[in-house]
Amino acid sequence: MFKKSLLLGISLSVALISGAALAQDPVSIVYIPKNTGNPYFDSLVAGFEDACKELNCEFTMAAPATAEATSQIPFITAQTQRGVDVIAISPNSPDAMNQVLDRARSRGILVLAVNGDLVDNYEHRDAAILPVDFTKTGPGQIELVGSMIGYKGDIAVLSATTDAPDQNTWIAAMVDSLKTNPKYKDMNLVATVYGDDEPQKSTTEAEALLQTYPDLKGIISPTTVGVAAAAQVIQSAGKADEVKLTGLGTPNQMRPFIKDGTVEAVQALEPL
Amino acid sequence: MTTRTETVKHTRDSADARPMWQVVLVRPEVMTFALLVGAFIIASNLSPFFSDAQFILESSTYYVEYSIIALVLTLVIISGEIDLSPAAMMALSACVFAALYQAGLPIGLAMIASLATGVLMGLFNGILVVVFKLPSIIVTIGTLTLYRGLAQVLAGDRSIGKFPQWFNGIDYRLILDVPVPVIVFVIISIVLAAILGTTVVGRQIYQVGTSEIASIHAGIRVRRIKLGLFVAMGVASSIGGLLTASRLASVRYDMATGGELQMVLMVMLGGTYIFGGRGSILGTFLASWLLVIIATGMTVANIAITAQLIVMGALLIISIIATNAIYARTQR
């Protein structure tokens, strides 16, 4: 489904660009994911490749090593220098890239936020392509974990980086629905921790959650790296019955954990 | 016995002075310069978009904050110490600045408070090293974590921004087509090179690093020099933090995470001897540009980041081997 919107978004951009430019060269698109080695973005890259095959545009991918807030900045500058037509980016920060994106746009480059938006800095990008209705993701996950723990007890969130705009939007919505919806009045968000979308750090943070909060009933990890790490931790601790896990996971990563019962349900997040 | 002493003496007397061309050419800075030229040629061939002065200068603003601090770190390493806390000091001083500004302090005062924080942090490092005689590598690994932790307490998990427009984007302000932070870097390079090369204090820094005990006996105020250098690190880190805050128009506690290793890399690539007593500002200056050229050249050529890390690591090892070989050769 997301692939379709991706295709649509790209074709619109291509149309925009080729309408504006007289040259008949194929439109060049670069995609800057959050970081390397994040399986979720591999699927996105595949989506870009397919879309570009169909539309006959040139596609490249350039990824920083970490998902740290400023890691994408040199990449944006370099792609601006390369003179690409479209920069598609899954931003690591809602505000750190404002100036460099403006610089790119001032040179006629179309900037697309993909899979996560520049929250509160919308004027620094031309358009955003989002995989899901962002307003529903957070409450949806609260409902999911609530249904597993009988709407009662302590829950925690294992997120990506502290600056990740998409995750922060979802977490804010979770907090909001916990507060406002009387159905969740017995559920208590005790902690939000950050695994930085690195398997190692996510594992450590998940272990720390189990240690610190022995009464923890549920973990929500709205990031594919985090949910896989948390599943691994719960599986090795043998706590699948006590701690319920949900989040956003790619089907491939989550399959073994669902099969052995560590995880009952996740929201599948794969650009299909 | 006498004969033997005479033989030794004889050998020493008869050793030829090193020819002039060797004195000039066989030095680490020459190696750094050669690598710089080589990297530039390779990068130009990798991508047609690379050799554009404006682009390279713009890209250098992402590293120049580290470069400025690396200049001061060069002096610290020449004096036989090390400081691994500058990236954390950048973050804490920038967080102090942003938090105070947000609390309603005029921005000028907030900047002064940030610099004062730098002085205090450097003083704390220096006192632990000089007064309590603790190894600087351990002290600054400790304060690296401490300062970063304080920054997180102060700023939390959010970014602080909304500075006045004139404060933001110092990397886009150009003087004669050169971004302001790069000019700051060049000026500080010249000043520090002059201090190190021509003043008494400069010579004393080399002596302290060559032999601390001999320096004490020679009446050099070793403790004062070292304390001063650690404070200078704090001030330089604070300047770097403010430049970064202006460039990003926001401040976070995790600003410049891991930056200390980049700074040490610049100093090492510039041929400064890790055990002290040798090194130069020119070397660090050239090495800063070497890093900019390599990182920028590979990024604009769309070379995967993993390959970039391998190249950086390999270069560091090569430069350390070369530096050691050159120093062993010229040791008299």
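**Helix H3 of chain B and the nonpolar cores**

In H3(B) of this predicted model, the residues B:Pro28, B:Glu29, B:Met31, B:Thr32, B:Leu35, B:Leu36, B:Ala39 and B:Ala43 are buried (20 or more other C-beta atoms within 10 Å of the residue's own, with exposed meaning 12 or fewer, partly exposed in between, and C-beta atoms placed from the backbone). Helices are DSSP runs of H or I of at least four residues, and strands are runs of E of at least two, numbered from the N terminus. Viewed down the axis of H3(B), the buried residues fall within an arc of 150°, so they line one face of the helix; the arc is that of the directions from the helix axis to the C-beta atoms. The face turned away from the buried side carries the exposed residues B:Ala34, B:Val37, B:Gly38 and B:Asn45.

The largest nonpolar core has 129 residues, a core being a set of buried Ala, Val, Leu, Ile, Met, Phe, Trp, Tyr and Cys residues joined through C-beta atoms within 7 Å. Members that touch the most others are A:Ile29, A:Ile87, B:Ala91, B:Ala94, B:Cys95, B:Phe97 and B:Leu290. Helix H14 of chain B (residues 281-300) gives the most to this core, with 14 residues. Another core, of 35 residues, lies apart from it and includes A:Trp170, A:Ala228, A:Leu248 and A:Met254.

Chain A comprises nine helices and ten strands, and 53% of its 272 residues count as buried.

Residues are numbered from 1 along each chain as its sequence is written, with chains lettered from A and ligands numbered from 1 in the order written. Local features need pLDDT of at least 70 and side-chain atom pairs count only at pLDDT 80 or more, whereas totals for chains, interfaces and linings use all residues.
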